[in-house]
Number of protein chains: 2
Amino acid sequence: MFTKDIYINRRNQLRSDLKTERKDFKSGLILLPGNQDVSYNYQKNTYRFRQDSNFLYFFGLNKPNFMGVLDLDSGEDWLFADDFDMDDIIWMGDMPKVSELGASVGVIHTAPMSELQNMIAKAVDEGRRVHFCDPYRGKTRHQISQLIGFRYSSLKNFASKKLIAAIVKQREIKADYEIAEIEKACDIAYEMHTTAMKMAKHVGTYEYQIAGRVEGIAMEHGGTVSFPVICSVNGQTLHNHYHGNKITEGRMLVLDAGAELDNCYSSDITRTVPVGGKFNDRQKAIYEIVLAANMKAIEMCKPGIKYRDVHLIACLTIAEGLKKLGLMKGDMLKAVEHGAHALFFPHGLGHVMGLDVHDMENLGEDFVGYDDETKRAKEFGTAYLRFGKKLKEGFVLTVEPGCYFIPQLIKQWHNEHKFSEYINYEEVLKYLDFGGVRIEDDILITKDGCRVLGKPVPKTVADVEALMAS
Amino acid sequence: MFTKDIYINRRNQLRSDLKTERKDFKSGLILLPGNQDVSYNYQKNTYRFRQDSNFLYFFGLNKPNFMGVLDLDSGEDWLFADDFDMDDIIWMGDMPKVSELGASVGVIHTAPMSELQNMIAKAVDEGRRVHFCDPYRGKTRHQISQLIGFRYSSLKNFASKKLIAAIVKQREIKADYEIAEIEKACDIAYEMHTTAMKMAKHVGTYEYQIAGRVEGIAMEHGGTVSFPVICSVNGQTLHNHYHGNKITEGRMLVLDAGAELDNCYSSDITRTVPVGGKFNDRQKAIYEIVLAANMKAIEMCKPGIKYRDVHLIACLTIAEGLKKLGLMKGDMLKAVEHGAHALFFPHGLGHVMGLDVHDMENLGEDFVGYDDETKRAKEFGTAYLRFGKKLKEGFVLTVEPGCYFIPQLIKQWHNEHKFSEYINYEEVLKYLDFGGVRIEDDILITKDGCRVLGKPVPKTVADVEALMAS
């Protein structure tokens with residue numbers, strides 16, 4: 001399925017996208033660093049290894065301490081890494097020779113890591129450009145900085161925009177065999193979420209018991225979670241990684257959690273359920289508003305539509321729902337235009353997903369989610385939208401509207417009388433103890449619409465209550 | 001229990017251990033960096049946060065982005081960190097003010113991170129020494145390098161041996177309230193191991209299903225695992241983190257796994273059980289040898305005995321057992337003296353344990369496990385012994401003998417006729433498909449002996465088989 005031809009073709013495409021057409025000019029090298037192990041609490045106690053997604057996409061090897069190089073001028077692909085010695089074998093087990101690993105992904109040229117410096121130095125000496133992306137780990141940053149001679153802190157300024165654009169162009173369109181993997185990750189998330197829902201029926205359970213069980217399920221399938229589990233009765237905090245609360249009657253549990261397969265394809269699903277198993281009236285009212293936004297957005301997604309427009313319709317759906325409840329007032333179209341809804345929905349509708357749960361985020365959100373046609377907004381709320389540009393067939397993205405009552409933010413805006421023409425603070429102040437609701441699915445943009453990936457996790461009030469009662 | 005007085009006393013002790021007695025000479029600063037978040041696959045997707053153990057020991061705060069400073073001359077303790085702003089509150093929830101957090105651990109002086117550079121620069125300018133330990137993460141290395149002006153790669157050369165010795169002196173002796181925490185971590189490990197044993201009864205299960213369940217249990221208790229789980233039917237590889245095999249009849253499953261509490265105290269236990277639930281004769285014979293070594297070693301441990309001597313008795317027990325089986329021959333005392341046993345037992349008997357599962361390993365094993373009286377051996381095998389010095393009351397350490405048949409190593413030694421006066425290669429070659437056995441407990445050195453910590457995990461053949469049958 002993931003044959004060596006796939007990797008050869010991807011690398012050839014990347015090379016052809018970066019190669020200059022001028023015959024009198026050398027194009028240079030592309031440096032794609034694989035990840036090293038990261039130390040946990042001392043050098044040799046390491047976190048679970050995570051390969052760099054670009055390296056994985058173009059070289060397919062899920063092992064630490066590799067460096068990939070594409071020579072744009074000679075057309076050669078190179079892998080630099082060191083063979084295992086007897087000490088490695090005793091402690092870590094055997095590993096095929098680097099040359100064999102290279103051959104398995106169509107790379108003929110391999111060499112010990114110590115030879116990479118010569119290749120880079122020679123290229124620099126010849127005035128050839130070394131294309132690289134800005135690294136996200138200290139060790140890789142140091143490694144690249146040593147190799148190409150730029151300062152540790154200044155690498156970001158010299159990251160290759162041409163390389164970033166060419167990577168985004170390939171990785172943003174998911175092939176069938178990639179979608180099949182993402183769907184497997186979604187099916188694991190189904191198991192994670194339905195297990196958590198049943199646990200949330202039991203008042204007095206601790207969040208960490210649920211979060212731990214959920215993470216365990218991802219690992220029992222051979223992978224792990226695609227990001228730190230958000231499992232909280234304080235769903236008003238968007239990325240709440242604290243799991244120390246006991247779950248109590250009257251609160252809702254937000255679980256935002258996805259699986260990452262051992263090949264790194266990921267899922268990212270959120271459900272919000274009432275502790276104990278039954279929504280009360282106030283919970284149901286807010287929940288139905290978010291659900292309507294989620295479903296309306298999914299309905300709209302198809303090739304050619306800008307995701308920012310889908311986001312704005314989701315905002316409008318939430319604002320209109322809140323107006324019906326008496327929490328907002330006035331002209332909701334204008335309220336959304338000015339950003340008043342962001343008090344309740346301060347984040348974006350979603351992001352692309354793939355080998356990274358926020359796919360390619362480290363290349364720069366503006367390069368992934370925006371283009372010349374769609375520029376990032378500056379207003380609070382919509383500015384957080386990670387992805388705004390036109391949808392294309394083969395995009396995989398999340399749809400995750402939410403509605404939150406963040407006491408500190410509400411109090412700040414209230415004190416500033418901010419958007420008081422749209423927000424009925426007297427009513428809103430009654431919700432300070434509410435928490436938050438988010439409902440998130442993963443969708444694939446198809447030829448003429450979209451489809452939700454994976455086994456459907458219950459999301460209507462009736463379906464959630466039925467599952468929790470089962 | 002972990003009151004602020006504990007942290008104040010620890011810092012005062014550290015200060016007094018480092019302060020020079022010369023009145024005409026300034027003693028300088030101690031820099032104790034807290035950890036930052038580490039990126040997983042892009043900058044904002046981070047691994048589970050792990051605080052630095054030294055920072056945790058002296059400042060007690062389990063949150064990222066703090067820096068602790070002890071001024072040896074003024075006697076002041078400082079914490080540098082930034083208060084949360086509204087964006088942080090929306091995304092990550094509220095956090096008490098840095099000044100409040102400082103007060104909770106007895107630190108009066110707090111300041112924004114940006115002010116740390118001035119303090120360091122001033123100290124350097126006054127010719128005062130800045131004591132620090134060699135960091136194990138790229139980001140911390142860069143941070144310290146920027147702060148004190150030494151090169152990223154050369155920090156190791158300038159780490160303060162005086163600081164290391166003073167830290168070891170305090171951390172190696174565990175207080176009662178620390179032992180209670182370690183024992184909690186051992187009790188979680190009991191649950192992890194007995195669950196795994198029951199799963200190992202089922203031929204055809206995948207290693208990752210067991211490893212995932214085991215890691216999930218650690219997390220369901222609010223912490224995580226203390227190191228990457230070793231769960232393998234290829235136990236002959238000492239630190240085997242590959243979990244892709246189906247477990248089959250005739251193999252033994254080595255599970256080396258411990259829990260880390262949310263306050264970072266850890267456990268580290270190993271059991272080796274027969275897939276399917278019944279030891280065959282060959283397995284039983286090797287298992288009993290390792291068990292004898294484990295029990296003999298535990299029997300010997302008490303204050304005043306060198307752990308290297310305990311290690312050598314464990315080696316001798318294994319060698320003599322193997323001689324009875326016909327795998328070794330000749331004078332076993334001499335065999336162990338020359339290191340011939342290391343073909344089967346190539347690692348050390350154990351290590352100290354505490355806030356790190358290999359406690360303080362990053363300070364340098366030679367500073368933690370050895371001293372002027374006990375120097376590290378150079379021979380293969382015993383050279384791997386992480387801890388060799390005299391035991392003291394309050395030490396917590398692991399006892400983990402093993403017996404392995406590592407095909408590549410056996411073939412290499414056989415080809416070299418290495419120690420052929422002690423090793424009966426003809427017999428040994430029949431064990432190439434055996435795998436390995438390791439049995440590990442965590443012990444506390446008491447006033448006149450030691451005791452095994454935590455609920456006892458079954459380890460005799462009869463007890464293991466009984467549990468697997470239950």
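Which backbone oxygen does the side chain of His243(B) reach? In this predicted model, the side chain of His243(B) reaches the backbone oxygen of Val229(B), at 2.9 Å.

**View 1. Surroundings of His243(B) in a loop of chain B.** His243(B) lies in the loop that runs between strand 9 (230-232) and strand 10 (252-257) of chain B. When its neighbours within four places in sequence are left aside, His243(B) is in contact with Glu207(B), Tyr208(B) and Ala211(B), and also with Val229(B), Ile230(B) and Cys231(B). Of these residues, Val229(B) is the one whose backbone oxygen is reached by the His243(B) side chain at 2.9 Å.

**View 2. An open, antiparallel sheet of 3 strands in chain B.** The strands follow the order 13-16-17, and their pairing is antiparallel. Strand 13 (396-399) and strand 17 (450-452) of chain B form the edges, each of them pairing on one side only. Neighbouring strands of this sheet are turned against each other by 35° on average, with direction ignored.

**View 3. Pairing of strand 13 with strand 16 in chain B.** Strand 13 and strand 16 (residues 441-445) of chain B run antiparallel and are joined by 4 bridges. Within this pairing, Val396(B) has Leu444(B), in strand 16 of chain B, as its bridge partner.

**View 4. Superposition of chain A on chain B.** A turn of 180°, with a shift of 0.0 Å along the axis, lays chain A on chain B with an RMSD of 0.0 Å. The two copies are therefore related as by a two-fold rotation axis. The same surface serves both copies, in that 100% of the contact residues of chain A recur in chain B.

Definitions and conventions:
Residues are numbered from 1 along each chain as its sequence is written. Chains are lettered from A and ligands numbered from 1 in the order in which they are written. This is a predicted model: local features need pLDDT of at least 70, side-chain atom pairs count only at pLDDT 80 or more; totals for chains, interfaces and linings use all residues. Side-chain values use heavy atoms; hydrogens and water are left out. Copies are superposed by least squares on the C-alpha atoms of residues with pLDDT of at least 70 in both. Contact means heavy atoms within 4.5 Å. Helices (H or I, at least four residues) and strands (E, at least two) are DSSP runs, numbered from the N terminus. A polar contact is a pair of N or O atoms within 3.5 Å; within protein, one must be able to donate a hydrogen and the other to accept it, and residues adjacent in sequence count only if both atoms are side-chain atoms. Two strands pair if DSSP finds at least two bridges between them. Axes are lines fitted to C-alpha atoms, for helices over the stretch in contact, and angles run from 0 to 180 degrees between N-to-C directions.
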